[in-house]
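Please find below a colleague's note on the structure, set out as numbered points. The remarks begin with charged pairs and then turn to the contact between chains and to the make-up of the parts.

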Amino acid sequence: MALPQPLRTSVSPQELELIASEQLVEILPLITMEKTAFISGAYGPLRPPAKCRIPLWMAVNLKVKKKCHIIPPDWLNVEFLQERLSRETSYPEFSQMPFRFAEIAKAILDAAPDDVQNAEKVRSLLKDLREARQAKSREGLAKLDHSELSLPNLCSMEINELRPFFIHAMGVLTQLSREEQNGAAEEP
Amino acid sequence: MASKTLTNSAHEPGYTCITFSRDGKLSYTGGSDSLVRIWNMDKDQYQEPEVAYEADEGITTVASSNDYWLSGSHDSEVRSYVHGKPDLHGLISKAAGVSIRDLAVDPAGKRVAIATDETTVKVVDIKEITNVISLAGHRKCVRKVTWHPSGNLLTTSSADGTVSVWDISGPEPRVEKTIDGVIPAVSDPESTDFMHDCSVVWHPSGGHFYVSSRTHDIVVISRPNWDRLPSFSDSSITSAITALALSVNGLYLASACKEEIAIWSTQTKRILWRHAGTPNAIITQLAFSPSQNLLAWTDNEGILTWWREPVPAGSPDPIKQSGAANPQGGSTKHKVPATSWGTDDDVNISSVDSKGIAAGENGDGNEYGDDWIIDDLGDGMEDEAEGNGKTEGENKFVKEMVSITKAQPAFQPGSTPMQNKRCYLAYNTVGVIEVADQDTHHIVTVDFHDRSARKGYHFTDHFKYDVAYLGMLFFLCERGALFACPPEQEHPAQVLYKPYGTWSSQGDWEYVLPPNHRVLGLAAGGERPTKSLRDPSSSGGDIQGLGNVVVATSAGDLTFLSGSGMERIVLGLEGEFVSMAAAEEYVLVVHRPGATTIDGSQGLTATLISFEEFEVLQEKPLPIPKGHVLKWIGITDEGVPAIYDSSGHMHIMINFRRPNRASWARILDANTLERKQNRDESYWPVGLSKDILMCIILKGRQEHPGFPRPLIQELPVRMPFRNKNSADASIEESVARERVFIDLARDGLEDELTNSELDKREIELDKSLIRLIQSACKTDKAPRAIELTKRLHFAHSISAASQLAGFYRLLGLQEKIDAIKRWREEQEVTPLETVRERRRELEQEDRYMKAPKKPFQDFEPPRKIDRPALARPAAVVEHTEFTASNATARAVRTRVEAEEHSWTPPPEGKRKRDAEDEAGVKDLEREHHKRCAVGEASTPIPSPKSEVFLEMRRLCGPN
């Protein structure tokens with residue numbers, strides 16, 4: 001494999017973003033287009049000023065060409081994120097977020113910061129949210145067992161971050177527990 | 001705003017008070033900094049006022065008599081000063097170590113009533129201060145005292161929430177009346193509520209007084225029965241009224257609350273003008289100047305504000321004695337100009353009431369001239385919307401109208417009034433036109449939703465009549481932007497058209513109206529261009545036609561112009577114009593043929609006029625509930641007229657293509673929307689299609705969308721069916737809605753009555769119906785299943801229904817469905833055929849009327865009398881000519897032909913055409929001979945039609 005060692009164990013964030021760009025988002029088109037068939041399905045027709053749901057990759061593409069406005073999903077606004085952040089900091093468990101929220105938010109904020117109200121604030125909230133969740137997932141790793149790790153509401157990007165570590169750690173733990181068992185079996 | 005306010009931080013924050021000197025040249029303000037400042041009203045707010053320093057603690061009240069002015073303060077002393085000067089004259093009274101709360105000098109200027117934190121009110125003679133009358137009887141301290149205009153009555157407002165009226169004309173003062181439960185009870189002198197001015201304000205007629213109540217409205221109480229009259233209330237006033245003042249002549253009442261200062265008309269009890277207040281400041285006292293058109297107030301931040309000219313020029317003056325209290329029959333012969341929305345110049349019953357009371361009290365009404373009526377006819381109260389009224393004014397006719405319902409003014413769908421120097425001139429499904437006011441000029445931005453077809457642009461408008469833009473109308477249609485500006489001095493009103501397609505100026509045109517005429521509404525319609533207008537290869541779709549433009553003018557007409565600016569026709573319009581919208585082939589005009597009714601109905605009618613022949617296709621009153629107004633009209637994506645009113649109902653006009661057979665179908669009730677529940681929001685429609693309402697959602701009491709431009713939201717269109725319990729309710733609704741739109745689409749078709757797209761939609765509809773049949777079968781509702789089966793469009797759908805019935809083992813039902821199918825196949829009664837039959841009937845009924853022929857002047861040949869027995873079988877296909885089966889028909893035809901030969905002159909119709917054909921043949925033959933004579937190669941000239949006829953003639957002619 002041509003990839004360097006640390007990247008081999010896990011998917012890169014760019015790849016995750018690519019996966020997330022299949023998700024549907026709402027756009028406000030600025031051009032007319034008939035219903036068009038793509039590999040993933042047929043989307044359209046685009047009839048301004050009617051909204052339309054198309055995949056994120058297409059929305060980003062159109063946005064770059066200034067042919068649409070992306071309507072941010074209902075979780076990508078200051079109020080919602082603020083509320084989630086306060087919940088995140090006051091309760092021990094993870095709060096519920098869309099599974100690929102980090103990737104979608106990044107794609108939308110990169111391509112269409114002008115379509116998100118108060119984009120700077122949203123960005124900083126997302127960062128705070130990420131840090132809060134990261135701290136929790138580190139704490140959660142302490143509960144790592146040789147057979148299971150239960151962290152409900154963990155999102156794709158966070159799983160991806162943990163994966164190289166906990167796969168390895170779990171392997172080590174399994175080995176240890178096996179040796180323990182073997183040792184226990186041999187002792188008597 | 002023409003009137004302006006001047007402010008000055010006169011005192012330290014805290015309680016402040018203000019009064020004017022009797023001549024109105026000076027005003028005195030007192031504050032918690034224990035100073036009284038004397039302001040010269042002729043100077044500006046930067047003047048250095050004279051100051052009286054004598055008080056030791058905060059001033060609580062100032063009052064003025066003819067020769068002196070008085071101040072009361074927390075140090076429990078009432079001091080008197082020389083008029084207009086800060087020179088102490090003497091002490092009037094001293095309370096026992098408690099604060100003075102209010103002073104009031106009687107109208108004659110001789111006595112002063114002193115309210116203190118004691119429970120007794122003292123009335124002291126200013127010249128002879130030992131002459132004191134004590135009014136005892138309050139249980140708590142008295143906050144405010146006021147005098148009746150006669151000087152015989154004194155009203156006191158106590159902290160326990162009672163208002164007492166004292167009669168002090170006799171030797172012994174006595175309580176004439178105690179009114180409880182009107183003003184709030186405030187016992188804590190430190191609370192902010194205690195600062196509120198709860199004094200009663202007597203009308204100059206003495207017949208009634210005003211007092212702000214604890215329910216945040218202004219209560220009117222009449223003398224001598226002390227009845228409560230209808231109070232002043234307005235939905236915009238949500239907080240406590242902190243101060244009240246009445247203009248000298250009693251025409252206007254000023255009230256202050258947290259948000260604003262409002263000036264009410266005491267007659268109509270409506271707010272005429274408003275002025276925004278300072279946030280968080282409580283206005284502690286309001287005062288009208290006795291000699292100037294000026295309102296002044298002080299607030300608890302110590303700021304003194306003068307509002308110069310609160311009553312705009314043209315409205316009845318607040319100073320001059322006028323007919324406000326004029327009792328002499330004025331109430332019955334009250335004349336007002338044209339009623340218009342947003343002004344208050346129509347009379348309502350309550351105003352007549354209050355005038356009646358005034359009549360009872362005021363004996364000397366003669367000094368009040370009738371001139372105020374003339375004043376009222378001035379232009380002052382006319383606002384922008386009153387375009388209609390102006391033309392009437394030219395004729396010197398006075399409109400006499402007794403109407404309580406305000407007539408809705410003309411409006412352009414999708415436009416908003418100027419707010420914060422910005423407004424929308426048009427907002428529809430094509431695009432948006434915004435205007436930003438830059439003081440010296442306007443910037444007009446035209447933006448399209450679909451940027452691929454048309455390019456947005458903006459231009460700066462440097463017209464010298466920039467104010468006129470406020471009333472400018474814009475209209476965006478498929479082909480171009482139209483705008484109109486109102487007349488301004490020497491500028492006549494004009495309509496400008498800018499097509500999108502051609503960017504050179506050759507497409508522009510303008511249409512100038514005669515002076516003083518105004519444009520009330522604009523609409524443009526026409527076939528939608530199928531090609532992009534920016535496509536240079538096609539000539540911008542010009543060949544398809546340029547569309548039609550309709551202009552509604554204040555001259556009471558609708559002017560139809562062609563797309564290139566040619567005048568086509570001017571139609572008179574019944575009543576006042578309200579709004580209009582144009583579709584491809586017709587224009588929808590909303591107008592008011594009569595007047596508004598007394599019980600709140602707007603009396604609007606929608607008229608559909610075709611562009612082609614100017615035929616009125618429909619004329620239907622609008623289904624707007626009483627007390628509501630039309631908010632929007634438009635055309636759906638399917639080309640159907642639609643209206644939206646303030647009660648939240650969206651209606652579309654179904655059957656609009658069938659003359660005089662239209663009806664309004666309620667397609668949406670915004671109040672029953674899911675998202676509307678428990679939310680205070682309203683909807684501002686932009687466009688409508690069969691599934692979605694495109695609108696802007698307005699929060700709270702917002703009436704128009706603001707800036708930056710909000711996103712268009714999509715709401716599902718649901719017919720307001722009430723049966724929502726069953727699981728199939730949503731399918732039933734969508735089937736009914738789809739049915740409506742399929743019928744509408746079918747009405748627009750030619751004789752074919754169907755096309756592939758409609759077939760596709762009907763197949764979808766059949767699918768939904770079959771789902772309904774399935775659930776009916778499941779719940780064993782055979783009658784419903786049969787009813788639904790009858791609605792199916794295609795034979796194979798009926799087979800599917802029959803299979804369904806078989807699946808659910810409903811054999812009886814299955815047999816019935818099969819019977820329906822057989823019957824359909826035999827009788828050929830498909831739904832399509834029924835529609836065709838229906839249309840044929842309608843065509844018969846709607847045949848147009850011919851002009852009557854005058855007797856003895858009809859020189860046309862006698863009309864053919866249609867006798868069925870003698871009629872020829874029309875247009876027989878000739879391939880059966882020699883078959884035996886139609887021998888009888890042939891015999892009949894030969895006989896008729898023979899008869900026709902013998903007749904002279906030949907009857908009109910087919911026979912005549914034969915003769916023409918023969919003539920044609922002869923011509924051809926002659927031509928043929930000519931050519932032969934010239935010697936050219938003779939070619940047989942094909943004339944198959946005439947040859948066939950000749951052949952026929954030869955065969956059946958002679959015998």
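1. In this predicted model, a search of the whole structure over all chains gives 44 salt bridges. The points that follow take up several of these pairs one by one, before the interface is considered.

2. In chain A, the side chains of A:Glu88 and A:Lys136 form a salt bridge, with an N to O distance of 2.9 Å. A:Glu88 belongs to helix 4 (residues 78-90) of chain A and A:Lys136 to helix 6 (residues 119-141) of chain A, so the pair ties together parts that lie 48 residues apart in sequence. As for their surroundings, A:Glu88 and A:Lys136 are both buried, and for a buried residue the relative accessible area is under 20%.

3. In chain B, a salt bridge joins the side chains of B:Lys631 and B:Glu703, here with an N to O distance of 4.0 Å, a value to be read against a definition that asks for a nitrogen within 4 Å of a carboxyl oxygen. B:Lys631 sits in strand 45 (residues 630-635) of chain B, whereas B:Glu703 sits in the loop between strand 50 (692-699) and strand 51 (713-716) of chain B, so that parts 72 residues apart in sequence are tied together by the pair. B:Lys631 counts as partly exposed because its relative accessibility is 38%, and B:Glu703, with a relative accessible area of 49%, is likewise partly exposed.

4. A further salt bridge in chain B pairs B:Glu762 with B:Arg746, whose closest N and O atoms are 2.7 Å apart. This pair links distant parts of the chain, since B:Glu762 is in helix 6 (residues 756-778) of chain B and B:Arg746 is in helix 5 (residues 729-747) of chain B, with their positions 16 residues apart in sequence. Both B:Glu762 and B:Arg746 are buried.

5. Beyond single pairs, chain B also holds a network of salt bridges that links B:Lys690, B:Asp691, B:Glu733, B:Arg737, B:Glu738, B:Glu757 and B:Arg761.

6. How many salt bridges are there between chain A and chain B? The count is zero, while two residue pairs are in polar contact between chain A and chain B, both at pLDDT 80 or more. On the side of chain A that touches chain B, strand 1 (24-29) and strand 5 (68-71) of chain A each supply at least two residues. By class, that side of chain A consists of eight nonpolar, two polar and one charged residues.

7. Turning to the extent of the interface, eleven residues from chain A and ten residues from chain B take part in the contact. Together chain A and chain B bury about 940 Å², of which 59% is on carbon and sulfur atoms. Within chain A, the most area is lost to chain B by A:Leu30, A:Pro49 and A:Lys51, which together account for 57% of what that side buries.

8. Chain A contains seven helices and five strands, in the order α-α-β-β-β-β-α-β-α-α-α-α along the sequence. Of the 188 residues in chain A, 40% are buried. Among the contacts in chain A with a separation of 6 or more, 65% are between residues 24 or more positions apart.

9. For chain B, an unreviewed UniProt entry places the feature "repeat: WD" at residues 8-49 and 135-169. Over residues 135-169 of chain B, the model is 0% helix and 54% strand, with the end C-alpha atoms 13 Å apart.

Definitions and conventions. Residues are numbered from 1 along each chain as its sequence is written. Chains are lettered from A and ligands numbered from 1 in the order in which they are written. This is a predicted model: local features need pLDDT of at least 70, side-chain atom pairs count only at pLDDT 80 or more; totals for chains, interfaces and linings use all residues. Side-chain values use heavy atoms; hydrogens and water are left out. Contact means heavy atoms within 4.5 Å. Buried area is the accessible area (1.4 Å probe) that two parts lose on being put together, summed over both. A polar contact is a pair of N or O atoms within 3.5 Å; within protein, one must be able to donate a hydrogen and the other to accept it, and residues adjacent in sequence count only if both atoms are side-chain atoms. Helices (H or I, at least four residues) and strands (E, at least two) are DSSP runs, numbered from the N terminus. Ala, Val, Leu, Ile, Met, Phe, Trp, Tyr, Cys and Pro count as nonpolar, Asp, Glu, Lys and Arg as charged, and the others, Gly among them, as polar. UniProt positions are given in the numbering used here, feature names are shortened, and annotations may be inferred rather than shown by experiment. Buried means under 20% relative accessible area, exposed over 50%, partly exposed in between (1.4 Å probe, protein chains only).
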